[in-house]
Every structure is written in structure tokens, then in C-alpha cells.
Amino acid sequence: MSAGVSQVSGACVPIPGDDIDTDRIVPARFLRCVTFDALGDALFRDDRDRSGDTPHPLDDARYSEATIIVSGRNFGCGSSREHAPQAVVRAGFRAIIAESFAEIFAANSLAIGLVCAEVDASTREELFRRIAADPAIRVELDLAACRVRADGFEAPVRLPDAARIALLDGSFDPLTELLANHDAVARVAHALPYLAWTSR
Amino acid sequence: MSGTLFEKVWALHRVGTLADGRDQLFVGLHLVHEVTSPQAFAALRERDIAVARPDRTFATVDHIVPTTDRHRPLRDDLAEEMLAALQANTAAAGIPLFDEQTHRQGIVHVIGPELGLTLPGMVICCGDSHTATHGAFGAIAFGIGTSQVRDVLATQTLAIEPLRVRRIWLEGELREGVFAKDVALHVIRTLGVHGGVGFAYEFAGPAVDAMDMEARMTLCNMSIEGGARVGYCNPDETTFAYLAGRPYAPSAGDWDAAVAWWRSVASDADATFDDEVRLDVSALAPVVTWGINPAQAVAVDESVPTKGTGAAIDEALAHMQLAGGAPILGTPVDVAFIGSCTNGRLSDLEAAAEVIRGRTVHPRVTAIVVPGSQQVDAAAREKGLDAVFRAAGFDWRLPGCSMCLGMNPDRLVGDQVCASSSNRNFKGRQGSPSGRTLLMSPAMVAAAAIAGAVVDVSATGGPT
Ligand code: SF4
């Protein structure tokens, strides 16, 4: 079991927009790899390279200390590539606050202990406002209390119960527990008729 | 027991509840490919854990393979490294690998069904979001990330929470020139790209009953584009007829028992659903995407939205370089791509071939056909389809994912516009950051290739 995560606090980088897909988070050409090690630099690569005169938030010096990403609705939709949350972690982030997450992205993030916390649109807007006013503002994500706090502002955050528990007690990597249940697994397998069918 | 297919199949595969409240679910079939597996195999090696059920695990290579020259070593060093890693990992674990030499290589979601590996009532996983394709057979099939690929390799199980079930009831008969792809895009534009988050989609109703298996696969394939991780159809006579005689399908001695069990897992008539949506598809026209997510779509006789009606719309119009409010009909295209796990099967190639027979690809257009698998390729050649495409000016390539995501050399260049039978029109999806994708059915892609622009294949019976 890994160490639990009960809170994440730090500076934030705002990445505006809804439906930010995994092809944008890590373009497909960076999937040509057999380890995740070098993915930090691939994070939002095409958006960053094509951002023109205004730097992409990830290249904006004001947010260089950020450890939390704040974004809109349905973050991480699209492909199942775990390369996406891996790149987020390897670029130095420990949490994402968004209005909602695509399911596979949230599951992949949980597996590696990256916190995905949902907030209402109004909270997301308030966070954007406060970050714009003070890019160095410290935001605190409290998983035990399900609250986000930023310099006097406080609002609820949502995580699926199982994800919250898994993060808090460090069981987000379930492999040890899955391995321990081999007898129960064998019983389920034994009852499935199709495993005994022979093919032609 | 009365319930939905989802509830029944989930219950049969549920091992127990984990400490954090998630279910431990047994996986009946695990499909593996080169992109999302190397790190999972490495993690097992690190912890000295063996693959639990190599007999329930099957691998293929699809995403990175070139579609022209496949001599080893592959010219792209990184692609070669990934293929070599897959070969070494599967050989060491005793996992069958359908590579080129087996003549069964192809896109993972094409070969599972055609080999009869995909069966009703299974839980099926793959490190790929389009795994829902297999749901066409009445399986619970879903995409997973690499950490979960590791978990399944190590234990044949994974930690997951159940989904709610939304039945999407489809009525009416599709018009000539309108296909399952159009239905899929219509569902997504109706319910939105995140409308399905938290749901499994059960596709049912007369329009689904009338579909053949390949059409059902197209429909289920795109569930994830509407946010639903799982999409499925109930197994029926069409399903059983498709499976009979497939290499890994049950043998004659087990067949009757298999069919009886498959029938038993279908949703019961009195099953209750968490949500229900009814759509009549009888008036549906071909659907074309105009934007940068699959819900940004219009019927081919409609116009794209006007500028200033939303930030997401403006961003999409700007990327696509489209004038707001313009008809989608007549939009010029530079590239035509027929292939992918959505529409790279024999019936897709047949529908496209019907449109182009005796015609010639527009001089501006680069047109390629990439069969979904070696078996699709062989079956198409047997019917002379390769000759039809070649005569029209299409390039006929070797099977793989190809330009669906541009991980191999097949990519858009600059801001080319591609009429594509694939499933994603995200920015940069087809290999060029400024490339532009218009999703549509294979017949519509074929018609666009001939006309050099978006045309309505249903109205004209093809371009003239
Ligand atoms: S064809 Fe496209 S969507 Fe399908 S598995 Fe390959 S890359 Fe993924």
C-alpha cells in the first residue's frame, strides 16, 4: 500500500475550456514509448507549440510553481491512454480540480494517486478569478473534509466515495488486495460456463 | 433472475467488494496491444508477478504498424522497439500474439469478434477506449489504462465501480445511404460528448434488431465518444449466426449450451433501466462532424453553427477554418481515409466500393483504404474490392489503425481536411496539430473522395 493522500496544497495553473481530450493532453506521437518516464514534456505539447503570442498557461512564468491544474467540464475525455495522467504527474502536478472528469481518465489518475476533484462551475470560476488576481495564491484541497480553500474562499469538492477512501488510506493501487483474493477469483471463474467451452 | 444484461453479467463476474468500496471484477477476455501494455508488463517484472491467465489473454499489433512496408526492423525505431517489446512480453508469458505471420493481425477490436474470441456474456477489457465495440455481442466491454492492464495481467481481475444503465431505444428503418455510423453520431450529438458519463448504454429497439453485427459494432464502438465507457446490444439470432464457425467460438459439442446461456444473459422484458432515451432514426440523413469533438456534428443538409454562439463553437470553427453558418455540403476535402475499428470491416469497404465503382478520385484528394485486419483484407480481395478501389485511384494499404490516430507514418500534413470513417476529430488526432477531420460513414467518405468535397450520398446515390 502507498502512503495516503489527505490533502494537496499549492499554486494552480488554469487551463480553460471544456471537453479537453487526451489527444490534446498527450498527442499520439508521444505514445511511441515503452516507459512513461519522458512524458512530462509531452503534456499539452501541441497546444503549447501552437499557442502563438500569448504563452500557454503551462509555459506562463506566473504559473511555473503550480502543482494543481484547474479546468472545465469533462476533462480527459477520449482515449484510455494512461500516458495522459502520467504526463500530468511527471510534469509536477499532484491534483486536478475540474467541473467533471471523463471516467477512464479519472480511473487512470486514481491508479497512480493523482487527485481528480470535482467542483461546481461557480467554484471553478471563483478559482479562476482568484488565480488571475494572484497567480501565486495557495489553494488547499482537503480530501478528508471534501473542501477546497483559497485565501478565505471555501467551497465543497466532490470525489467518488471509493476514490476518496482509496486516496485517504493509500489503497488507490489495488493490486495487493486483488492478488490476495485468489480463492474467491477461482470460485467466480469456476462458475463461468464459457471458460470451459472448447473451441473448434 | 430478472434484470438488464449489464446487471446479470456484472453479478456473474463480481468477485467481491474491496476495502474502498469498489467491486473486484473478473475479466473473461483480456485483449492486449503494443501501446498500452509495455509499462504493465514491466511493472509485473518489477514485482516478480506472473501473468495469471495467459489462456484468457490475446495480443495483436495495430497502432504503430506501417501500412506500406513492414520489413523488420521497422523504419521507425520507436515503433520497432514497441513491437519487439510486445513480442518478447507475450512470448515470455505464453500469450498468443496475432502478428503478421499468423494472417490474423489487425485492429484489436476487429480481430476479437472475427476470431470468435468475443462472446456474449463476457466481461472484456483492453487498454483501449474503443473496447465497447465488443459490446455488440452482448458483452460488458470497456477500456482501461495501463495500471489496470497490469492488474488484469496479474490477477485477471480489476477494481471498478458499476455503472448505471441507459437504454437507447432506436426505432424506424434507416434510409438508403444512412448507416450505423450516422446513428452513432446522431446519438452523440443528441446526448452530448459527456452525456454518457457514469452510464452503460444498452442499444435496443427495432432499428438495432435490424442491424447486422458489423453495424452493431460500429454503434457500440462510438459509445465512449458520448462519454459512455460501455455500450452493448443484447445477443440474438444475428449474433449467434455471426459466431457460428469462428475459430475460437464454442465447438459443436458446446454450441447448444452456449446459445442457451447467451440467451439467459440478455436483458429481460421487465428489466428496469436507470434512464431511457428514444430516438426515431427513420428520417435521419447522413451525419458529418464539423468541429473538434464528435458531438459537433450536423446532418449533411444542415449548416454549421454561427460564430458568436459559444466559446466552444468559436474555437472549433477557428480550428476548422469554417465560416460560421455555412452549409457543410460542398466543404472541400484533401484526404479520404476509410478504415479504423469503427468502420474498417468488410461491410464498410463494400458500402464504400459501391459508391466509387467506375468513378475516379478527385485530383486534389489523396485517398486510402486501410482494412481493419488481415482477414478483412483477404475477404475484400476475394471479392475484388481492392481492384475497385485501386481503379478509382485509392491506395489499398496493409491493416492497422493508421490515420485514425497517426501513430504510424500515415498522417495529415499541415491543415489538410480529411473525410474520415474513424471515430475522433480531436485537434491533432490524425497526426498533424493543425489537421482537420470530418467524421462520416465510409460511403460518405467514398463520395467525398470522388467529389473532392462533402456530398450527400443518400440523396444522389453517390456523386456523378
Ligand atoms: S482504429 Fe483508432 S480508435 Fe480504433 S483502436 Fe485503432 S487507434 Fe484506437
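**Helix 4 of chain A and the largest pocket**

I began with the lining of the largest pocket in this predicted model, and found that helix 4 of chain A gives the most to that lining, with five residues. The pocket itself has a volume of about 720 Å³. I listed 33 lining residues, and the closest to the pocket centre are Glu103(A), Ala106(A), Ala107(A), Pro160(A) and Glu161(B). Next I looked up which elements give two or more residues to this lining: from chain A they are helix 4 (103-111), strand 5 (115-118) and helix 6 (161-169), and from chain B they are helix 1 (5-13), strand 7 (140-143), helix 5 (146-155) and strand 8 (157-160). By residue class I noted 24 nonpolar, two polar and seven charged residues in the lining. I also checked the domains of chain B, and at least three lining residues come from each of domain 1 (5-160) and domain 2 (164-243 + 262-280).

Is helix 4 of chain A mostly covered or mostly uncovered? I found it mostly covered, with eight of its nine residues buried. These are Glu103(A), Ile104(A), Phe105(A), Ala107(A), Asn108(A), Ser109(A), Leu110(A) and Ala111(A). Just past the end of this helix, I noted that Gly113(A) has a positive phi of about 80°.

**Chain A as a whole**

I then stepped back to chain A, in which I counted eight helices and eight strands. Its C-alpha trace spans about 65 × 40 × 25 Å along the principal axes. Of the 200 residues in chain A, 59% are buried, and the accessible surface of the chain comes to about 8,000 Å², with 49% of that belonging to carbon and sulfur atoms. When I took the contacts in chain A between residues at least 6 apart in sequence, 70% of them turned out to join residues at least 24 apart.

**Domains of chain B and the cavities**

For chain B I recorded a division into domain 1 (5-160), domain 2 (164-243 + 262-280) and domain 3 (287-460). The centres of domain 1 and domain 3 of chain B, taken over C-alpha atoms, are separated by 28 Å, and the contact takes 26 residues from domain 1 and 22 residues from domain 3.

I searched the whole structure for enclosed space and found six cavities of 30 Å³ or more. The largest cavity holds about 200 Å³ of space, and of the 21 residues that line it, Ser79(A), His63(B), Asp128(B), Leu405(B) and Arg429(B) are the closest to its centre. Between which domains of chain B does the largest cavity lie? Because domain 1 (5-160) and domain 3 (287-460) both give residues to the lining, I place the cavity between those two domains. Its lining divides into eight nonpolar, nine polar and four charged residues.

The second largest cavity has about 70 Å³ of space. Among the residues that line it I noted Glu103(A), Ile104(A) and Phe105(A), together with Val193(B), Val197(B), Ile224(B) and Gly227(B); Glu103(A), Ile104(A) and Phe105(A) are also among the buried residues of helix 4 of chain A. This second lining has seven nonpolar residues, four polar and one charged.

**Helix 2 of chain B**

I looked up the buried residues of helix 2 (residues 38-47) of chain B, and they are Pro38(B), Gln39(B), Ala40(B), Phe41(B), Ala43(B) and Leu44(B). They pack against helix 3 (83-90) of chain A, and also against strand 3 (29-32), helix 3 and helix 5 of chain B. After helix 2 of chain B comes Asp48(B), whose phi is positive, near 60°.

**Backbone entries in chain B**

I found a cis peptide bond between Arg72(B) and Pro73(B), with omega about -15°, and Pro73(B) lies in the loop between strand 4 (57-60) and helix 3 (77-93) of chain B.

Two serines with positive phi were worth writing down. Ser340(B), which is not a glycine, has a phi of about 90° and lies in helix 12 (residues 340-343) of chain B. Is Ser340(B) buried or exposed? Its relative accessible area is 1%, and since residues under 20% count as buried, I entered Ser340(B) as buried. Ser402(B) has a positive phi near 55° and lies in the loop between strand 17 (395-396) and strand 18 (417-420) of chain B. At 0% relative accessibility, Ser402(B) also counts as buried.

How values were computed. Residues numbered from 1 in each chain as written. Chains lettered and ligands numbered in written order. Predicted model: local features only at pLDDT ≥ 70, side-chain atom pairs only at ≥ 80, totals over all residues. Heavy atoms only, no water. 1 Å grid on protein atoms, 1.4 Å probe; cavity = no way out; pocket = protein on both sides within 12 Å on 5 of 7 lines; lining within 4 Å. Points joined across faces, edges and corners; volume = space filled by probe spheres on them. Helix = DSSP H or I, 4+ residues; strand = E, 2+ residues; numbered from the N terminus. Nonpolar A, V, L, I, M, F, W, Y, C, P; charged D, E, K, R; others polar. Domains from an automatic or database assignment. Buried < 20%, exposed > 50% of the residue type's maximum accessible area, 1.4 Å probe, protein only. Contact = heavy atoms within 4.5 Å. Areas by Shrake-Rupley, 256 points an atom, 1.4 Å probe, with all protein chains shown as cover.
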